[in-house]
Structures are given as structure tokens and as C-alpha cells.
Amino acid sequence: MRTRARLLLIGALALLGAGCAQVQTSNQPVANRIRQVRTTAYTCTERGGKRNAIGTRLSSAQVKSAAADWSRWPLGTKFRVVGTDEVFQVDDYGSALIGTGTIDLYKKNRLEMRQWGVRRVDIDVLEWGSPERSRQVLARRSGNRKVRAMLVALAKQSPAPALPPF
């Protein structure tokens, strides 16, 4: 019984540390306000390619691409930047982002990238991505030291066992 109580306490503390107002328990979009997230910007000319980590084109359309540490912001996480109303989805990662809470926002050219610079912004998470899908994509790249760091962090986040009904 003590172990279960300890796991619940650790889970609760982790949620409080994430700064989220609520937890998503389904695939339905739920708005979670996360304050003062450090953001930077990148473009395909800076990074050297027009493809993201999952092999699709980087997007500057209605839902834009974003890069992040997938152990913090799992693949598929969709969010809105408060104040600009731009919507992004995490579909990329960068070695400089691993171990940080920084999100790198895709911009269609260098001018937009420079204009963004580095900003701390509030974001509304519309839908949390999939740690499982993140693990699947990263597993194929586990020879990379930075990717292994994300995989280790994701492994530590394994879901807590379900509690028996009362």
C-alpha cells in the first residue's frame, strides 16, 4: 500500500511541476495553459532540410511544425501560442532542445525566424502527443546519444499501474 501511495504522490508532483491546469485523459483536445515557455525559431534553410523527424514536410500552414524534446513535449503535441493564435504541432526534434523545456517554432523564412528570436510565451496545449509514438520513431535512431537521452527520459515516464476499483 505504501508503494501505491508513493507512486500517486510522485505522479501528482510531476503534474504540478509541469504547470498544467488539467490532465488529458482521452484523445479529445483539452486546453492546458502553460506559462512562460521558452521558444526559439528555426527555418528549413537554417536546419538544412525541408523534412521533419517523421519524414514529412515542415509546415508553415494553418498548423505549423515545431521541434522539441519529445520526452517533455511528445510527438503530435498540438498547442496554440497565446497572443499570436498560431497553432503548432510537434513533429520534429533538435539535439540542442533535448533536456530543455524549449520549443523551436518553424518559420517559413529567415526574416520571420529572426523577428521571432527568443521569447517566453504562454501556450495552450490543445492535444497532448503520444509518448508511445515518440518511442517508436526514436527507437530507429537509438544509436544517437541525444536520441538515447530522450528514450531514457520517456522510459522513466511509463504509466503508473491502474488502481483496482474500490
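**Exercise 1. Strand partners**

In which sense do strand E1 and strand E6 pair, parallel or antiparallel, and over how many bridges? Then find the other partner of E1 and place both pairings in the sheet.

*Solution.* Before we start, keep in mind that this is a predicted model.

Step 1. Find the two strands: E1 covers residues 32-42, and E6 covers residues 119-127. They run antiparallel and are joined by six bridges. You can check this on one pair, as Arg 33 faces Asp 124 in E6.

Step 2. Now turn to strand E5, residues 103-106, which pairs with E1 in the parallel sense over four bridges. Here Thr 40 stands opposite Asp 104.

Step 3. Follow E5 to strand E2, residues 63-68: these two are antiparallel, with three bridges between them. A pair to look for is Ala 66 and Leu 105, which stand opposite each other.

Step 4. Put the pieces together. The six strands form a closed barrel in the order E1-E5-E2-E4-E3-E6, with mixed pairing. On average, neighbouring strands of this sheet are turned by 50° against each other, ignoring direction.

**Exercise 2. Reading the chain from the start**

List the helices and strands in the order in which the chain meets them.

*Solution.* Step 1. Count the elements: there are five helices and six strands.

Step 2. Starting at the N terminus, write them down as α-β-α-β-β-β-β-α-β-α-α.

Step 3. Look at how the chain folds back on itself. Of the contacts with a separation of 6 or more, 70% are between residues 24 or more positions apart.

**Exercise 3. Inside the protein**

Describe the nonpolar cores and the surroundings of Trp 73.

*Solution.* Step 1. Begin with the share of buried residues, which is 37% of the 166 residues in the chain.

Step 2. Find the largest nonpolar core, which has 28 residues. Trp 70, Trp 73, Phe 79, Ile 103 and Ile 123 have the most contacts inside this core. Helix H5, residues 145-156, is its biggest contributor, with four residues. There is also a second, separate core of six residues, among them Tyr 42, Cys 44, Ala 67 and Leu 97.

Step 3. Zoom in on Trp 73. Setting aside neighbours within four places in sequence, its contacts include Ile 34, Val 37, Val 90, Ile 103, Ile 123 and Trp 128.

**Exercise 4. Two unusual backbone angles**

Locate Gln 36 and Asp 85, and say what stands out about their phi angles.

*Solution.* Step 1. Recall the usual case: most residues other than glycine have a negative phi.

Step 2. Compare Gln 36, which is not a glycine and yet has a positive phi of about 55°. Gln 36 is part of strand E1. With a relative accessible area of 46%, this residue counts as partly exposed.

Step 3. Do the same for Asp 85, whose phi is also positive, near 60°. Asp 85 sits in the loop between strand E3 (78-81) and strand E4 (87-92). Its relative accessible area is 56%, so Asp 85 is exposed, the cut-off being over 50%.

**Exercise 5. How far to trust the model**

Decide which stretches to read with care.

*Solution.* Step 1. Take the whole chain: the mean pLDDT is 81, and 74% of the residues reach 70 or more.

Step 2. Look for the weak spots. Over residues 5-30 the pLDDT stays under 50, and the model has 26 contacts beyond four places in sequence for this stretch. Residues 160-164 are also below 50, with four contacts beyond near neighbours in sequence.

Technical notes:
Residues are numbered from 1 along each chain as its sequence is written. This is a predicted model: local features need pLDDT of at least 70, side-chain atom pairs count only at pLDDT 80 or more; totals for chains, interfaces and linings use all residues. Side-chain values use heavy atoms; hydrogens and water are left out. A nonpolar core is a set of buried Ala, Val, Leu, Ile, Met, Phe, Trp, Tyr and Cys residues joined through side-chain atoms within 4.5 Å. Buried means under 20% relative accessible area, exposed over 50%, partly exposed in between (1.4 Å probe, protein chains only). Contact means heavy atoms within 4.5 Å. Two strands pair if DSSP finds at least two bridges between them. pLDDT is the predictor's confidence in each residue, from 0 to 100. Axes are lines fitted to C-alpha atoms, for helices over the stretch in contact, and angles run from 0 to 180 degrees between N-to-C directions.
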